[in-house]
Amino acid sequence: MSTHTDKESIDLSKFPADRIRNFCIIAHIDHGKSTLADRLLEMTGAIAKTEKNKQVLDKLQVERERGITVKAQTASLFYSHEGEQYLLNLIDTPGHVDFSYEVSRSISACQGVLLIVDANQGVQAQTVANFYLAFEAQLAIIPVINKIDLKNADPERVESQIEKVFDIPREECIRISAKLGTNVEKVLQAVVDRIPAPAASIDDPFKALVFDSNFDHYRGVVANIALFGGQVRKGDRIVSAHLGKTYEVNELGLLRPDEHPTQKLFAGQVGYIIAGMKDVKEAQIGDTLYLQEQPVESLPGFKPAKAMVFAGMYPMDQSEYPGLRSAIERLTLNDSSVTVQRDSSLALGAGWRLGFLGLLHMEVFNQRLEQEYNASVIVTAPTVPYKAILSSTRLIKNRRAIQKNMVYIDDQRVMMKYLFPLNEIVVDFYDLLKSMSSGYASFDYENAGYQAADLIKMDILLNGRPVEELTTIVHRDRAYSSGKAMCERLKDSIPRQMFEIAVQAAIGSKVIARETIKAYRKNVLAKCYGGDITRKMKLLKKQVEGKKKMRLIGNVQVPKDAFIDVLKRKD
Ligand SMILES: Nc1nc2c(ncn2[C@@H]2O[C@H](COP(=O)(O)OP(=O)(O)OP(=O)(O)O)[C@@H](O)[C@H]2O)c(=O)[nH]1
């Protein structure tokens, strides 16, 4: 095996399309995609083999803190097989259901996938969902059974599941331990042998799909592109099909996984391009790029993601509005599955209504805003979309989940399909299901359209003042229990203040639940004896900092996390 670590030595013209393989790694969450990606990077010399290089493709702070992948990442690898040099472009994708949009976009730049399945857990919900994304896109699928080093590993059983559920012969499965590196070489060989080369010709005009992009504070838009034909070099004048605007290519190159500038990119390759796009709106994901003098027909692009959960987002202070607006614009460039609409609220001022694919997606977006853009925001209670008929029409009463079908994967696992009201599953269903099944059950969902239901609007009041951000739509039969639970949770998350606070749930003018937060005076100086003034100042400053994380509703200080916490069930 040979490696390329010298920056200057890469001549991409040596890699015509038949020497290129573009593939992504897909799997259920935690089955070991990022660990396998680390091994592939090490074995091909893209990164050094050290203890420090763990999950190198998980670049974001939020990914490292949560130990999950939320963004797909690209890495180009050089691999020699049977005397020939190959360029392998690997895209590592997230496993959690909320980020499946990243998977579907990555698939569009690939001809094959490694479908990783944990040798102990076997086929899980996102294994099935991701398999179908790859299958429908007609990609070559290489099943890889990972974690065979585990004491409870049962690769035989997992192979039977793969055969039964996906109709893939068991002989095609590769058993590996990504952690120890066992059989990982076989995975690289299979990528070359079983995944077709991209059908892209250097003789065609340059045509590239923008499959991801992000905003760099200094260089503007950095777009990840897959070349479906031709070649492109620094100084070329290219056009974005979406806006019809022309740009000059300033820089281009490979992602290894860090940017590695090259002179040119050729048909079938995957890389990055910087072309002086200064506005986030200029680099639409799904856009087609072509040379100014050689117009081409646009590529089909992507189906827009369908937001499932909506929440309001407001600056902590209205003076931070412009800064937050540009942060949201830049982050949505990198995460195009978020929808943004302007909104305003009496209590919180001007802000936005954002649509997300799920609650984890919303939390991660919020965390990225804070970590990558230093923005401090208030997020309101998430809701799901409803269509309301404004009359007293009696709606069909149907709130329970309806079982649609049930398939036995083997004697220990069963796959069940239900029709659920979306509201019942977006907030904490996944967490509850995991804890009730001791982590064994897994879950995936897709939109099944609108259904009529008997719903009412429930308000939450703090000292008699309605908090519109906490208004929810609930099923009539559940109004009392959910009103009571929300009041109890608010009581827990709002700290005592200098006066008594009544927390009430109401339907129209009728109060259905109430909790009281007793008055309390927190004297932060109580522990200060002897009048040390600098220490007093420090404590008072700390108290002011604490208050910044609070939102004033009427005269009540509400911690900003309360808006989400209040919806999560504790049982
Ligand atoms: N024993 C064992 N553990 C493994 C192996 N591969 C991965 N792991 C562990 O499994 C856990 C999850 O691995 P990741 O590589 O982060 O999984 P992932 O599929 O990338 O996770 P997401 O991107 O969040 O979906 C980590 O604790 C790894 O150390 C393996 O071959 N053997």
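## Exercises on a predicted model

Leu359, Leu360, His361, Met362, Val364, Phe365, Asn366, Arg368 and Leu369 are the buried residues to find in helix H8. The model is predicted, so please read every value below as computed from it.

### Exercise 1: the length of H8

Compare the reach of helix H8 with the expected value, then look at what comes just after the helix.

**Solution.**
- Step 1. H8 covers residues 359-373, a run of 15 residues.
- Step 2. At 1.5 Å a residue, 21 Å is expected.
- Step 3. From its first C-alpha to its last, H8 reaches 20 Å, close to the expected figure.
- Step 4. Just after H8 comes Asn374, with a positive phi of about 55°.

### Exercise 2: the two sides of H4

Check the span of helix H4, then work out which residues are buried and which are exposed.

**Solution.**
- Step 1. H4 runs over residues 125-136, and its 12 residues should span 16 Å at 1.5 Å a residue.
- Step 2. The end C-alpha atoms of H4 are 17 Å apart, which agrees with that expectation.
- Step 3. Now pick out the buried residues of H4: Gln126, Thr127, Asn130, Phe131 and Ala134.
- Step 4. These residues cover an arc of only 140° around the axis, so they sit on the same side of H4.
- Step 5. Turn to the other side of H4, where Tyr132 and Glu136 are exposed.

### Exercise 3: two positive phi values outside glycine

Find the phi, the loop and the exposure of Asp30 and of Gln138.

**Solution.**
- Step 1. Start with Asp30, which is not a glycine and yet has a positive phi of about 70°.
- Step 2. The loop that holds Asp30 is the one between S1 and H1.
- Step 3. Count neighbours: Asp30 has 18 other C-beta atoms within 10 Å, so it is partly exposed. The buried class begins at 20.
- Step 4. Move on to Gln138, again not a glycine, with a positive phi of about 55°.
- Step 5. Gln138 belongs to the loop between H4 and S5.
- Step 6. Because Gln138 has 8 other C-beta atoms within 10 Å, it is exposed. The exposed class holds counts of 12 or fewer.

### Exercise 4: a mixed sheet and its helices

Lay out the sheet of six strands, name its edges, and place helices H1 and H5 against it.

**Solution.**
- Step 1. The strand order of this open sheet is S2-S3-S1-S4-S5-S6, with mixed pairing.
- Step 2. At the edges are S2 (73-81) and S6 (174-175), each of which pairs on one side only.
- Step 3. Take one pair: S5 (residues 140-146) and S6 are parallel, with two bridges. Ile145 has Arg175 in S6 as its bridge partner.
- Step 4. Helix H5 (residues 155-166) packs on the sheet and touches S4, S5 and S6. The directions of H5 and S5 make about 155°.
- Step 5. Helix H1 (residues 33-43) lies across S1 (20-27), S2, S3 (84-92), S4 (112-118) and S5. H1 runs at about 155° to S3.

### Exercise 5: an antiparallel sheet

Describe the sheet of eight strands, from its edges to one bridge within it.

**Solution.**
- Step 1. Write the order of this open sheet as S11-S10-S16-S7-S8-S15-S12-S13, with antiparallel pairing.
- Step 2. The edge strands, S11 (246-248) and S13 (259-261), each pair on one side only.
- Step 3. With direction ignored, neighbouring strands of this sheet are turned by 40° against each other on average.
- Step 4. Inside the sheet, S8 (residues 220-229) and S15 (residues 270-274) share five bridges in the antiparallel sense. Here Ala226 is opposite Val270 in S15.

### Exercise 6: following S26

Trace the pairing of strand S26 with S23 and with S27.

**Solution.**
- Step 1. S26 (residues 501-507) runs antiparallel to S23 (residues 455-462), and four bridges join them. Ile460 has Ala505 in S26 as its bridge partner.
- Step 2. S27 (residues 510-517) is also antiparallel to S26, and seven bridges join these two strands. In this pair, Ala502 has Thr516 in S27 as its bridge partner.
- Step 3. S26 and S27 form a hairpin with two residues between the strands, where Gly508 has a positive phi near 60°.

### Exercise 7: the whole chain

Summarise the protein chain in three steps.

**Solution.**
- Step 1. The secondary structure amounts to 13 helices and 29 strands.
- Step 2. The protein chain has 571 residues, and 40% of them count as buried.
- Step 3. Take the contacts between residues at least 6 apart in sequence: 69% of them join residues at least 24 apart.

Terms used:
Residues are numbered from 1 along each chain as its sequence is written. This is a predicted model: local features need pLDDT of at least 70, side-chain atom pairs count only at pLDDT 80 or more; totals for chains, interfaces and linings use all residues. Two strands pair if DSSP finds at least two bridges between them. Two residues are in contact if their C-beta atoms, placed from the backbone, lie within 7 Å. Axes are lines fitted to C-alpha atoms, for helices over the stretch in contact, and angles run from 0 to 180 degrees between N-to-C directions. The expected span of a helix is 1.5 Å times one less than its number of residues. The arc is that of the directions from the helix axis to the C-beta atoms.
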